[in-house]
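Open the model in your viewer and keep the sequence panel visible. The stops below are meant to be selected one after another.

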Amino acid sequence: MRGMADKAAATTAPSRIRPLPSWLLGRAAARGRSLVADALAGYGMKMWHHVVLAAVEDLEPVAQADLGRAVALDPKDLVGILNDLQEESLIVRAPDPEDRRKNAVSVTAAGRRRLEECTVAGDRANAELLAPLSPDERVRFLDMLRRISGAGLG
């Protein structure tokens, strides 16, 4: 159903809007989010759960407050996501060795397996998104997106 709404929006946007790079990027981003969300749902994950789990793996052990800042997520929203991940035994929270008044978050073995599965699923979804492009076009497109967004790969 979501795909039909996306296609309808792509053809019904005003003619002055359709050629704008900002509108086109928004449409591409919406399609990409939809593809990835559907892929992650097959593993019982939502996009923010995947983002947080990946960030924990990168930063672990990480203080909960530092994790929230790293992913730019409101602390209340982060707590809900961490509760979900902990309920699934994908993360553990324990007193931070640096400051025992804080929680430090780490990924479990099950969390690493789920993260790997979700990474593969997300890669497939992104390959579907970029399928209309040749391999050389994909490389150039991603380079241009990094330059436009200011997001490097470091």
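The tour goes from the whole chain to a helix pair, then to the sheet, and ends in the loops.

**Whole chain**

Start with everything shown as a cartoon, and keep in mind that this is a predicted model. Along the principal axes, the C-alpha atoms of the protein chain fill a box of roughly 60 × 30 × 30 Å. The secondary structure amounts to seven helices and three strands. Traced from the N terminus, the elements come in the order α-α-α-β-α-α-β-β-α-α.

Colour by burial next. Of the 154 residues in the protein chain, 28% are buried. Among contacts with a separation of 6 or more, 48% join residues 24 or more positions apart.

**Helix α3**

Select residues 47-59, which form helix α3. With 13 residues at 1.5 Å a residue, α3 should span 18 Å, and its end C-alpha atoms are indeed 18 Å apart, so the expected and modelled spans agree. Show side chains for H49, H50, V52, L53, A55 and V56: these residues of α3 are buried.

**Helix α5 against α3**

Add residues 75-87, helix α5. The axes of α3 and α5 come within 10 Å and cross at roughly 85°. An angle from 65 to 115 degrees counts as roughly perpendicular, so α3 is roughly perpendicular to α5. To see the contact, display W48, H49, V52 and L53 on the α3 side, and L78, I81, L82, D84 and L85 on the α5 side. Sorted by class, this contact has seven nonpolar residues, one polar and one charged.

Now centre on H49 in helix α3. Is H49 buried or exposed? Its relative accessible area is 11%, and buried means under 20%, so H49 is buried. Which residues does H49 touch, leaving out those up to four places away in sequence? They are I81, D84 and L85, each of which belongs to the α5 side of the helix contact.

**The sheet**

Hide the side chains and select the strands: β1 at residues 62-63, β2 at residues 91-95 and β3 at residues 103-107. They form an open sheet of three strands in the order β1-β3-β2, with antiparallel pairing. The edge strands are β1 and β2, each of which pairs on one side only.

Take the β1 side of the sheet. β1 and β3 pair in the antiparallel sense over two bridges. In one of them V62 has V105 of β3 as its bridge partner, and A63 is partnered by A104, also in β3.

Move across to β2. The antiparallel pairing of β2 with β3 runs over five bridges. For a place to look, pick I91, which stands opposite V107 in β3. When side chains are switched back on, bear in mind that in a regular strand they alternate between the two faces of the sheet.

Bring α5 back into view together with the sheet. The helix packs on the sheet and touches β2 and β3, and the direction of α5 makes about 115° with that of β2. α5 thus appears at two stops of this tour, in contact with α3 and packed on the sheet.

**Loops**

Go to the loop between α3 and β1, where P61 is found. The peptide bond from E60 to P61 is cis, with omega near -15°.

Next, select A72 in the loop between α4 (64-71) and α5. Phi of A72 is near 55°, a positive value in a residue other than glycine. A72 has a relative accessible area of 68%, and the cut-off for exposed is over 50%, so A72 is exposed.

The last selection is S89, in the loop between α5 and β2. S89 is not a glycine either, and its phi is positive, at about 60°. How much of S89 is accessible? The relative accessible area is 44%, so S89 is partly exposed. Leaving aside neighbours within four places in sequence, S89 is in contact with T108, A110 and G111. To finish, draw a distance from S89 to V107: the two are 18 residues apart in sequence and 8.8 Å apart in space, C-alpha to C-alpha. V107 is the residue of β3 that stands opposite I91.

Key: Residues numbered from 1 in each chain as written. Predicted model: local features only at pLDDT ≥ 70, side-chain atom pairs only at ≥ 80, totals over all residues. Heavy atoms only, no water. Pairing = 2+ DSSP bridges. Helix = DSSP H or I, 4+ residues; strand = E, 2+ residues; numbered from the N terminus. Expected span 1.5 Å × (residues − 1). Buried < 20%, exposed > 50% of the residue type's maximum accessible area, 1.4 Å probe, protein only. Axes fitted to C-alpha atoms, helices over the stretch in contact; angles between N-to-C directions. Parallel < 35°, antiparallel > 145°, perpendicular 65-115°, else oblique. Contact = heavy atoms within 4.5 Å. Nonpolar A, V, L, I, M, F, W, Y, C, P; charged D, E, K, R; others polar.
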